[in-house]
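Hi,

Here is the structure I promised to pass on. Have a look at it first, and then read on for what turned up.

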Amino acid sequence: MRYTAPLLIGLLYVTLMSLLPEPHRRRVNAIMVAGAGAAYLSGGGLGGWEFAFTAVATWVAYKGLDSWTFIGVGWLLHTAWDVVHHLKGHPIVPFAHDSSFGCALCDPVIAVWCLAGGRRPWERRRGTDEFAGAGRSPLRTAGTTVKE
């Protein structure tokens, strides 16, 4: 469960966030990245570096208001910060020793989804492929219909 629970939490996060319509989904995720960036402030395990990381995470989250890529980068930055805290022994949840480790497994799941555009997993992507109309009757693609 040490490995699977964080991965399942990441998938649950993606599923629940996918219920939100765009552009609200992107904006809520940007806010979540900002919150995650400030999550370690109360522990102070890395002193002034906590404030520096929070400032960077806040800037990335601000850019994420208009960009799924920045949101994904924000989650990857938080993953790196989780690893540092896990190795230094300052977990995100003070009474749960492996909480930063779990967060470091969960966050990349979310990051991959964000870097892929934060789309709903159950919807097909509408491509802009030049061959998207392949196989259709030329008459139908020209705007006229043919009775069959």
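Let me start with how ring pairs are counted here: rings of Phe, Tyr and Trp (its six-membered ring) are taken as a pair if their centres lie within 6.5 Å, and they count as stacked when the planes are under 30 degrees apart and as edge-to-face when over 60. By this rule there are five aromatic pairs. One of them is Y3 with F101, an edge-to-face pair with 5.6 Å from centre to centre and 80° between the planes. That pair links distant parts of the chain, since Y3 sits in the segment before α1 (4-17) and F101 in helix α5 (residues 99-115), 98 residues apart. Y3 is partly exposed at 49% relative accessible area, whereas F101 is buried at 17%. Another pair is F53 with W81: the ring centres are 4.6 Å apart and the planes are at 5°, so this one is stacked. Because F53 belongs to helix α3 (residues 49-64) and W81 to helix α4, the pair ties together parts that are 28 residues apart in sequence. Both rings are under the 20% cut-off for buried, with F53 at 9% and W81 at 14%.

I should say that this is a predicted model, so please read everything here in that light.

For the overall picture, the protein has six helices and zero strands, which gives the pattern α-α-α-α-α-α along the sequence. Of its 148 residues, 32% are buried.

Now back to F101, as it has another neighbour. R2 lies over the face of that ring, 4.0 Å from the ring centre. R2 also forms a salt bridge with D98, where the closest N and O atoms are 3.2 Å apart. Here too distant parts of the chain are linked: R2 is in the segment before α1 and D98 in the loop between α4 and α5, 96 residues apart. R2 counts as partly exposed at 38% relative accessibility, and D98 is partly exposed at 31%.

How many salt bridges does the structure hold in total? There are three. Besides R2 with D98, E22 meets R25 at 3.6 Å, N to O, and E22 meets R26 at 3.8 Å. Through shared partners, E22, R25 and R26 are joined into one network. E22 is partly exposed at 34%, but R25 is buried at 5% and R26 is buried at 16%.

On to the inside. The largest nonpolar core has 15 residues, and those with the most contacts inside it are Y13, I71, W75, I110, W113 and C114. Two or more residues each come from α1, α2 (24-37), α4 and α5, with α5 giving the largest share, five residues.

And the outside: V56, V73, L76, L77 and L115 make a nonpolar surface patch of about 360 Å². Helix α4 (residues 68-88) gives the most to that patch, with three residues. V73 is in helix α4 and is partly exposed, with a relative accessible area of 35%. That value is over the 30% that a patch residue needs.

One last detail: A39, in the loop between α2 and α3, is partly exposed at 29%. A39 and T54 are 15 residues apart in sequence, with 8.6 Å between their C-alpha atoms.

Cheers

Technical notes: Residues numbered from 1 in each chain as written. Predicted model: local features only at pLDDT ≥ 70, side-chain atom pairs only at ≥ 80, totals over all residues. Heavy atoms only, no water. Patch = residues over 30% accessible without salt bridge, like charges linked within 9 Å, V, L, I, M, F, W, Y side chains within 5 Å. Areas by Shrake-Rupley, 256 points an atom, 1.4 Å probe, with all protein chains shown as cover. Salt bridge = Lys/Arg side-chain N within 4 Å of Asp/Glu carboxyl O. Helix = DSSP H or I, 4+ residues; strand = E, 2+ residues; numbered from the N terminus. Buried < 20%, exposed > 50% of the residue type's maximum accessible area, 1.4 Å probe, protein only. Lys NZ or Arg CZ within 6 Å of the ring centre and 35° of its normal. Core = buried A, V, L, I, M, F, W, Y, C linked by side-chain atoms within 4.5 Å.
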